[in-house]
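Dear colleague,

I am passing on the structure we spoke about, and I would be glad if you could look through it with the notes below at hand.

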Amino acid sequence: MNPILETVHAHLTKHDLTAVPLGDGEALTSTVTLKNLRVHLFFCADAEEQRLSILGRHSVLVPLERRTVVAEFITRLNWNLSGARFLMDYEDGEVCCRIDLEAVGAGLDDATLGKAILRCCHLTDGFFPALMSVIYRGTPVVQAIEQGEAEFKVVAGAVANAEDDEV
């Protein structure tokens, strides 16, 4: 297995998450139950470029007739994001949150990896209700972005409070 993925595997195992290798070990996957959904995390490493991609996917596919408005939602959402982005496969309507990390030397330590995984989970979970509102309720995109930002703050705030309690 790729050394980058070995680091990811060790991190997930340390935090009681099951890491399942995909294919010949070119990727790992793990499933996490969050507040609003169950997210499937995929970890893909590029050994040559020393990069790790973390993708948070959910099982809802955007119907063909809603893909244009969801593309606008994702574009507006990505405008304010730094270090992460949402993507949609226009062919099948799959949406994911993607975070790319440098995996050179100390660039992929346990703390950095943990923060990136949490960020992917928080973003996916926090903006999921807004995405569903755009798809199934016809909520205007700007209103859905505001809804998503408010929900994200709640999700991220709850985690920050829990971390404060642990210290």
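What follows is a description of two helices, a group of aromatic rings and a few side-chain contacts.

Please bear in mind that this is a predicted model, in which local features need pLDDT of at least 70 and side-chain atom pairs count only at pLDDT 80 or more, while totals for chains, interfaces and linings use all residues. Residues are numbered from 1 along each chain as its sequence is written, and side-chain values use heavy atoms, with hydrogens and water left out.

To begin with helix α1, this element comprises residues 3-14 (helices are DSSP runs of H or I with at least four residues, strands runs of E with at least two, both numbered from the N terminus). Its 12 residues reach 16 Å from the first C-alpha to the last, close to the 16 Å expected, where the expected span is 1.5 Å times one less than the number of residues. Ile4, Leu5, Val8, His11 and Leu12 are buried in α1, buried being under 20% relative accessible area, exposed over 50% and partly exposed in between, with a 1.4 Å probe and protein chains only. These buried residues lie on the same side of α1 because they cover an arc of only 120° around the axis, the arc being that of the directions from the helix axis to the C-beta atoms. Pro3 and Lys14, on the other side of α1, are exposed. The buried residues of α1 pack against β2 (27-33), β3 (38-46), β4 (51-61) and α3 (110-137), contact meaning heavy atoms within 4.5 Å. At the N-terminal end, α1 is capped by Asn2, which has a side-chain oxygen 2.6 Å from the backbone nitrogen of Ile4, and α1 is followed by Asp16, whose phi is positive, near 60°.

Helix α2 (residues 67-79) gives a comparable description: its 13 residues reach 18 Å from first C-alpha to last, close to the 18 Å expected. Here Arg67, Val69, Val70, Phe73, Ile74 and Leu77 are buried, and they sit on the same side of α2, since they cover an arc of only 160° around the axis. On the other side of α2, Thr68, Thr75 and Trp79 are exposed.

Turning to the aromatic rings, a search of the whole structure finds 2 aromatic pairs (rings of Phe, Tyr and Trp, the last by its six-membered ring, with centres within 6.5 Å; planes under 30 degrees apart are stacked, over 60 edge-to-face and the rest tilted). The rings of Phe86 and Phe127 have their centres 6.2 Å apart and their planes at 70°, so this pair is edge-to-face. Phe86 belongs to strand β5 (residues 85-88) and Phe127 to helix α3, so the pair ties together parts that are 41 residues apart in sequence. Phe127 also forms a stacked pair with Phe152, at 5.8 Å centre to centre and with 20° between the planes. Phe86, Phe127 and Phe152 form one aromatic cluster, in which Phe86 is buried at 7% relative accessible area, Phe127 is buried at 5% and Phe152 is partly exposed at 23%.

Finally, Thr124 lies in helix α3 and counts as buried at 3% relative accessibility. Its side chain reaches the backbone oxygen of Cys120 at 2.8 Å, and the residues that Thr124 touches, not counting those up to four places away in sequence, include Leu37, His58 and Phe86.

With best regards

Methods: A polar contact is a pair of N or O atoms within 3.5 Å; within protein, one must be able to donate a hydrogen and the other to accept it, and residues adjacent in sequence count only if both atoms are side-chain atoms.
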